[in-house]
Amino acid sequence: MTVSSANSVDDSIKSSLIKLAPLEAVLFDIDGTLCDSDPFHYQAFRVMLQEIGFNGGVPITEEFFIAFAAGKHNDDVALALFPDDIERGLKFLEDKEAMFRKLAAEQVKALSGLHKVRKWIEDRGLKRAAVTNAPRPNAELLLSKLGLSDFFEAVIIGDECEHAKPHPDPYLKGLEVLKASKDHTLVFEDSVSGIKAGVAAGMPVIGLATRNPEHLLMEAKPAFLIKDYEDPKLWAALEELDKAGAH
């Protein structure tokens with residue numbers, strides 16, 4: 001799609017962000033939202049679960065990964081994978097995160113168009129925070145590798161809140177730290193639990209269909225879905241938001 005195809009973007013999508021004017025802040029998830037990191041999580045799970053004979057030694061599928069792990073907090077993943085031994089599950093996940101960091105450090109790349117959105121946000125002097133269910137070492141590694149460590153004013157970790165996503169707490173904490181209003185803040189998310197968290201915190205969420213099935217993402221009620229940050233739908237909506245903020 002070229003930018004000219006923004007003219008054909010549905011009017012309801014174009015106008016979906018107008019109520020946020022004047023925009024004050026933008027909150028981003030990290031995994032799958034700033035970068036396509038799920039393949040590294042999937043690879044780490046697949047290799048390490050097979051090593052311990054999980055599922056009779058049959059490698060897990062991507063569908064299994066999406067259902068039980070993608071975007072979820074490690075406490076919930078441990079409960080799903082090791083219901084009879086949560087402690088073992090949590091230790092396994094610590095080791096899995098170490099393998100993920102090794103893979104991601106070597107290969108992670110920003111989602112297409114991310115730096116264009118970064119410039120759009122910086123040019124308007126908007127507040128911004130990263131809000132994630134990932135452990136802090138993962139979050140800091142990814143932000144560093146993506147050159148975004150100095151871009152975000154705060155990094156909110158689900159583990160450090162009373163409840164992680166899909167509860168709204170991490171996003172509410174992001175608003176509090178930035179001293180921003182939910183009525184003038186936009187969220188970018190790629191998982192069902194993340195979209196639910198942003199919506200529950202009272203903000204419109206733009207969903208990224210990076211890996212998760214679109215029909216599942218839509219059930220969480222995002223404002224609309226985009227493939228990446230080059231998507232004409234995004235720029236059509238931001239253009240309308242800019243116009244509304246100028247009035």
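Student: What radius of gyration would a compact globule with 247 residues have, and what does the chain have?

Tutor: This is a predicted model, in which local features need pLDDT of at least 70 and side-chain atom pairs count only at pLDDT 80 or more, while totals for chains, interfaces and linings use all residues. Residues are numbered from 1 along each chain as its sequence is written, and side-chain values use heavy atoms, with hydrogens and water left out. The radius of gyration is taken over C-alpha atoms, and the globule rule is 2.2 Å times the number of residues to the power 0.38. For 247 residues a compact globule would come near 18 Å, and this agrees with the value of the chain, 18 Å.

Student: What share of the residues of the chain counts as buried?

Tutor: Buried means under 20% relative accessible area, exposed means over 50%, and partly exposed lies in between, with a 1.4 Å probe and protein chains only. Of the 247 residues of the chain, the share that counts as buried is 51%.

Student: Which strands stand at the edges of the open sheet?

Tutor: Strands (E, at least two residues) and helices (H or I, at least four) are DSSP runs numbered from the N terminus, and two strands pair if DSSP finds at least two bridges between them. The six strands of the open sheet pair in parallel, in the order β3-β2-β1-β4-β5-β6. Two of them have a single partner strand each, so one side of each is left without a neighbour in the sheet, and these are β3 (154-157) and β6 (224-226).

Student: What angle does the direction of helix α9 make with that of β5?

Tutor: Axes are lines fitted to C-alpha atoms, for helices over the stretch in contact, and angles run from 0 to 180 degrees between N-to-C directions; contact means heavy atoms within 4.5 Å. Helix α9 (residues 192-200) packs on the sheet, where it touches β4 (185-189) and β5, and its direction makes with that of β5 an angle of about 175°.

Student: Why does N212 count as buried?

Tutor: N212 belongs to the loop between β5 (205-208) and α10 (214-219). Leaving aside neighbours within four places in sequence, N212 is in contact with I66, A70, D190, S191 and L217. N212 counts as buried because its relative accessibility is 8%.

Student: Which residue has its backbone oxygen 2.8 Å from a polar atom of the side chain of N212?

Tutor: A polar contact is a pair of N or O atoms within 3.5 Å; within protein, one must be able to donate a hydrogen and the other to accept it, and residues adjacent in sequence count only if both atoms are side-chain atoms. The backbone oxygen lying 2.8 Å from a polar atom of the N212 side chain is that of D190.
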